[in-house]
Amino acid sequence: MKFDYLIVGSGLFGATFAYRATQAGKRCLVIDRRPQLGGNVYCEDIEGIHVHKYGAHIFHTNDKQVWDFVNSLVPFNRYTNSPVANYKGKLYNLPFNMNTFYQMWGVITPEQAQTKIDEQRAEAVAKLGGRDPQNLEEQALTLVGKDIYECLIKGYTEKQWGRSCTELPAFIIRRLPVRLVYDNNYFNDAYQGIPIGGYNVLIDKLLAGSTCLTPRQTMTVS
Ligand SMILES: Cc1cc2nc3c(=O)[nH]c(=O)nc-3n(C[C@H](O)[C@H](O)[C@H](O)COP(=O)(O)OP(=O)(O)OC[C@H]3O[C@@H](n4cnc5c(N)ncnc54)[C@H](O)[C@@H]3O)c2cc1C
């Protein structure tokens, strides 16, 4: 069989390209080195739950055309990403915002929160005695102070990188946005959601008509 396009990678990018090309009458061969199609948004069905195998994915965009496009293929749910961190049995809203600062210090106004952060930052800067931060820990402490660093940055960062924050370079964290408003919404985009039925439904729709080749199988998606 002859193809017009060989597309390497069946994630959202490759699959969307395949969709547009197929619509334009082209024949597409999509190859992927992973055993499944969908790239990072692939979902595994575990006891009826769509588990995002490569990490949780929330689709978000400010572009109405993009939102309308994906919703024309599969309906999305209404979802607002507002994660919660559990530090030693206490729950904190993320990203850092006034709800987090109330939970941490009992402060209510942005001025009170800013004062608290500034005090702790000044402590960290004083400890450096005029030198630049030498590692991620020192950098984070000078940006947000010890309470936020110890509760909400240290453990997560060390888990993600598999190394102590004192062994990680300072440049990894250039800035740590702090929101002085009561807003737990992780994303600023106007549209966000997860496909009802999981991302695999969206990927199947995008790859319809393409021939797909993975280490496990060759198939033409219908
Ligand atoms: C843990 C995690 C969470 C994320 N959460 C979000 C989120 O909530 N919202 C969001 O918008 N974005 C999120 N992202 C980013 C998101 O994954 C990407 O924006 C999007 O899914 C990328 O699509 P893609 O097609 O470009 O790449 P991918 O999904 O990575 O697909 C690329 C595919 O190409 C294949 N491939 C690569 N090289 C080859 C090769 N040489 N030969 C054969 N196959 C190859 C790979 O196996 C893979 O399947 C997250 C990323 C991660 C890692």
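**Close-up views of a predicted model**

**View 1. Pairing of strands E2 and E9.** Strand E2 and strand E9 (residues 211-213) pair in the parallel sense, and 3 bridges link them. Within this pair, Val30 has Cys212 of E9 as its bridge partner. The structure shown here and in every view below is a predicted model.

**View 2. The two faces of strand E2 and its link to strand E1.** Strand E2 covers residues 28-31, and its side chains alternate between two faces. Cys28 and Val30 point to one face and are buried, whereas Leu29 and Ile31 point to the other and are not. Strand E1 (residues 5-8) runs parallel to E2 and is joined to it by 4 bridges. Across this pairing, Leu6 is placed opposite Leu29 of E2. The chain passes from E1 through H1 to E2, a β-α-β crossover that is right-handed.

**View 3. The shell around the ligand.** The ligand is surrounded by 18 residues, of which Gly9, Gly11, Gly39, Asn40 and Gly55 come nearest. By character, the shell divides into 9 polar, 6 nonpolar and 3 charged residues. Helix H1 (residues 12-23) supplies the largest share of this shell, 3 residues. The same helix H1 lies on the path of the chain from E1 to E2.

**View 4. The hairpin of strands E3 and E4.** Strand E3 (residues 43-46) and strand E4 (residues 49-52) run antiparallel and are joined by 4 bridges. Glu44 is found opposite Val51 of E4. The hairpin has 2 residues between its strands, and Glu47 takes a positive phi near 50 degrees there. Glu47 is a residue other than glycine with this positive value, and its place is in the loop between E3 and E4. Glu47 counts as exposed because it has 5 C-beta neighbours inside 10 Å.

**View 5. Ile49 in strand E4.** Ile49 belongs to strand E4. With 9 other C-beta atoms within 10 Å, Ile49 is exposed, since a residue with 12 or fewer such atoms falls in that class. Gly198 is 149 residues away from Ile49 along the chain, yet the C-alpha atoms of the two are separated by 9.0 Å.

**View 6. The two domains of the protein chain.** The domain assignment of the protein chain gives domain 1 as 5-81 + 191-220 and domain 2 as 84-172. Between the C-alpha centres of domain 1 and domain 2 the separation is 36 Å.

**View 7. Helix H5 and its packing partners.** Helix H5 (residues 136-144) is mostly covered, with 9 of its 9 residues buried. These buried residues are Leu136, Glu137, Glu138, Gln139, Ala140, Leu141, Thr142, Leu143 and Val144. They pack against helix H4 (110-128) and helix H6 (146-161). Just after H5, Gly145 adopts a positive phi of about 85 degrees.

**View 8. Ile173 and its contacts with helix H5.** Ile173 lies in the loop between H6 and strand E8 (191-193). With 20 other C-beta atoms within 10 Å, Ile173 is buried, because the class begins at 20. When neighbours within four places in sequence are left aside, Ile173 is in contact with Leu136, Gln139, Ala140 and Leu143. Each of these four contact residues is listed among the buried residues of H5. In an α-helix there are 3.6 residues a turn, so residues three or four places apart point the same way. The C-alpha atom of Ile173 is separated by 9.6 Å from that of Asn135, and the two residues are 38 places apart along the chain.

**View 9. The cis peptide bond at Pro95.** The peptide bond from Leu94 to Pro95 is cis, and its omega is near -10 degrees. Pro95 is located in the loop between strand E7 (90-93) and helix H3 (98-105).

**View 10. Lys88 between strands E6 and E7.** Lys88 is placed in the loop between strand E6 (84-87) and E7. Although Lys88 is not a glycine, it has a positive phi of about 50 degrees. Lys88 is exposed, because 6 other C-beta atoms lie within 10 Å.

Technical notes. Residues numbered from 1 in each chain as written. Predicted model: local features only at pLDDT ≥ 70, side-chain atom pairs only at ≥ 80, totals over all residues. Near = placed C-beta within 6 Å. Nonpolar A, V, L, I, M, F, W, Y, C, P; charged D, E, K, R; others polar. Pairing = 2+ DSSP bridges. Right-handed = clockwise from strand over helix to strand, strands pointing away. Domains from an automatic or database assignment. Contact = placed C-beta atoms within 7 Å.
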